[in-house]
Amino acid sequence: MNAFKAFKACVPIAWSPNLYITLVRGIPGTRKLHRRTLEALRLRKCNRTVMRWNTPTVRGMVQQVKRLVVVETEEMFKARKQKQATHRALRPPIVVTHHPVPATDSS
């Protein structure tokens, strides 16, 4: 188990006022009840994240589709986004230079 999963396992979801729910598995082939639950959570495509208030209703919906989604607290979501942003910043920028074609006088 990597450090992120260990951290995720020990953070109580009940402490966070907001939940960030990400759909990580595809919808085709799932039960109709699960599809309706994902529709109610406004999760339509894979790797899309929605923010919902941490209420018993939302926690029950997440419990129903727990094998299809990943739930993060606000701190975990911000840390993941920050890590992705720094990873993108480390890559060197692509520089494209178009040298003009030298004009030759044939006259």
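# Exercises on a three-stranded sheet and its helices

Strand β1 (residues 18-23) and strand β3 are paired through five bridges, in the antiparallel sense. Two strands count as paired if DSSP finds at least two bridges between them. Helices (H or I, at least four residues) and strands (E, at least two) are DSSP runs, numbered from the N terminus.

This is a predicted model, in which local features need pLDDT of at least 70 and side-chain atom pairs count only at pLDDT 80 or more, while totals for chains, interfaces and linings use all residues. Residues are numbered from 1 along each chain as its sequence is written, and side-chain values use heavy atoms, with hydrogens and water left out.

## Exercise 1: The sheet

Find the order of the strands in the sheet and name its edge strands.

Step 1. List the elements. The protein has four helices and three strands, and from the N terminus on they run α-β-α-β-α-β-α.

Step 2. Add the second pairing. β1 and β2 are also joined in the antiparallel sense, again over five bridges.

Step 3. Write down the order. The three strands form an open sheet, β2-β1-β3, with antiparallel pairing. β2 (49-53) and β3 (69-73) each pair on one side only, and these are the edge strands. Neighbouring strands are turned against each other by 30 degrees on average, direction ignored. For such angles, axes are lines fitted to C-alpha atoms, for helices over the stretch in contact, and the values run from 0 to 180 degrees between N-to-C directions.

Step 4. Check single residues. Leu19 stands opposite Arg52 in β2, and its bridge partner in β3 is Thr73. Tyr20 stands opposite Glu72 in β3.

## Exercise 2: Strand β1

Determine how many residues of β1 are buried, and which way they point.

Step 1. Fix the term. Buried means under 20% relative accessible area, exposed over 50%, and partly exposed in between (1.4 Å probe, protein chains only).

Step 2. Count. Six of the six residues of β1 are buried, so the strand is largely enclosed by the rest of the structure.

Step 3. Sort them by direction. Asn18, Tyr20 and Thr22 point one way, and Leu19, Ile21 and Leu23 point the other way. In a regular strand, side chains alternate between the two faces of the sheet.

## Exercise 3: Helix α3

Which residues of α3 are buried, and what do they pack against?

Step 1. Place the helix. α3 (residues 56-64) packs on the sheet and touches β1, β2 and β3, with its direction at about 25 degrees to that of β1. Contact here means heavy atoms within 4.5 Å.

Step 2. Name the buried residues. They are Val58, Met61 and Val62. Seen down the axis of α3, they fall within an arc of 100 degrees, so they line one face of the helix. The arc is that of the directions from the helix axis to the C-beta atoms. An α-helix has 3.6 residues a turn, so residues three or four places apart point the same way.

Step 3. Name the surroundings. These buried residues pack against β1, α2 (32-40), β2 and β3.

Step 4. Take one residue. Met61 has 18% relative accessibility and therefore counts as buried. Leaving aside neighbours within four places in sequence, Met61 is in contact with Thr37, Ala40 and Leu41. The C-alpha atoms of Met61 and Leu38 are separated by 8.3 Å, although the two residues are 23 residues apart along the chain.

## Exercise 4: Helix α2

Separate the buried side of α2 from the face turned away from that side.

Step 1. The buried residues are His34, Thr37 and Leu38. They cover an arc of only 100 degrees around the axis, which puts them on the same side of α2.

Step 2. The face turned away from the buried side carries the exposed residues Lys32, Leu33 and Arg36.

Step 3. What covers the buried residues of α2 includes β1, α3 and β3.

## Exercise 5: The core and a buried polar contact

Identify the core residues with the most contacts, then find the polar contact of the Glu72 side chain.

Step 1. A nonpolar core is a set of buried Ala, Val, Leu, Ile, Met, Phe, Trp, Tyr and Cys residues joined through side-chain atoms within 4.5 Å. The largest one has 14 residues, and Ile21, Leu38, Leu41, Leu43 and Val69 have the most contacts inside it. β1, α3 and β3 are the elements that give two or more residues to this core.

Step 2. Glu72 lies in strand β3 and is buried, with a relative accessible area of 2%. Its side chain makes a polar contact with the side chain of Arg80 (2.9 Å). A polar contact is a pair of N or O atoms within 3.5 Å; within protein, one must be able to donate a hydrogen and the other to accept it, and residues adjacent in sequence count only if both atoms are side-chain atoms.
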